[in-house]
Amino acid sequence: MANTLILFSSANQAGNTYQLTQAVRSQLDENHTRYFNLDSHNYADYNYHNFYSRDDFYDIADALSWADNIVFASPVYWHGVTSNMKRLIDRITELTENPEIKHIGKGLKDKKGFILTTSASKDVCPVFAGFFEKVFSYFDIHMTELLHLDCSKALTLPKQQIINFAKLLK
């Protein structure tokens with residue numbers, strides 16, 4: 001069974017993206033799933049000098065190393081991810097520079113990347129999707145699946161789509 005890391009961030013901690021994430025999570029084996037709510041973790045912004053104190057980023061980096069599947073879960077805000085999600089992705093740059101953890105960055109190659117998102121649009125924003133395509137491409141992560149829900153009227157959790165998404169993680 002594959003190991004799955006879910007990285008979640010949202011300004012609304014019980015909102016649509018959270019509910020979608022939890023619906024997918026409920027389909028997974030908890031022994032093979034790790035979940036990080038990025039909004040409740042403390043990690044520094046990326047800096048060019050790589051001067052960091054020990055923070056929660058290193059726990060996330062260890063989880064990235066452990067995972068076969070990496071799921072990014074964020075609503076679409078102004079065509080992009082949440083600020084905490086963007087801050088994490090910026091910080092992941094350290095995995096390409098810091099000799100102590102560079103092996104984790106190289107180890108992302110051939111992992112599977114997934115996206116869970118919600119917005120008030122019928123289709124996912126191409127800027128949002130393109131952002132992840134670029135991140136995944138940079139690290140040679142295989143872009144496997146993006147599940148977007150239109151919440152312009154109300155959140156409807158499509159059971160079969162959630163089951164199909166979760167099957168790809170197993």
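This note comments on helix α5 and strand β1 in a predicted model.

1. Helix α5 covers residues 126-139, and at 1.5 Å a residue its 14 residues should span 20 Å; the C-alpha atoms at its ends are 20 Å apart, which agrees with that expectation.

2. The residues of α5 that are buried are F128, A129, F132, V135, F136 and F139. Viewed down the helix axis, these buried residues fall within an arc of 125 degrees, so they line one face of α5. As background, an α-helix has 3.6 residues a turn, so residues three or four places apart point the same way. On the other side of α5, the residues P126, V127, K134 and Y138 are exposed.

3. As for what the buried residues of α5 pack against, their partners are the strands β3 (69-73), β4 (112-119) and β5 (142-150), together with the helices α3 (83-91) and α4 (102-106). After α5 comes D140, which has a positive phi, near 60 degrees.

4. Strand β1, residues 4-8, has five of its five residues buried, so the strand is largely enclosed by the rest of the structure. Its two faces are both covered, with T4, I6 and F8 buried on one side and L5 and L7 buried on the other.

5. β1 runs parallel to strand β2 (residues 33-37), to which it is joined by five bridges, and T4 stands opposite T33 of β2. Between these two strands the chain passes through helix α1 (residues 16-25), in a β-α-β crossover that is right-handed.

6. β1 is also joined by five bridges to β3, and this pairing is parallel; here L7 stands opposite F72 of β3.

Technical notes
Residues numbered from 1 in each chain as written. Predicted model: local features only at pLDDT ≥ 70, side-chain atom pairs only at ≥ 80, totals over all residues. Heavy atoms only, no water. Helix = DSSP H or I, 4+ residues; strand = E, 2+ residues; numbered from the N terminus. Expected span 1.5 Å × (residues − 1). Buried < 20%, exposed > 50% of the residue type's maximum accessible area, 1.4 Å probe, protein only. Arc of directions from axis to C-beta. Contact = heavy atoms within 4.5 Å. Pairing = 2+ DSSP bridges. Right-handed = clockwise from strand over helix to strand, strands pointing away.
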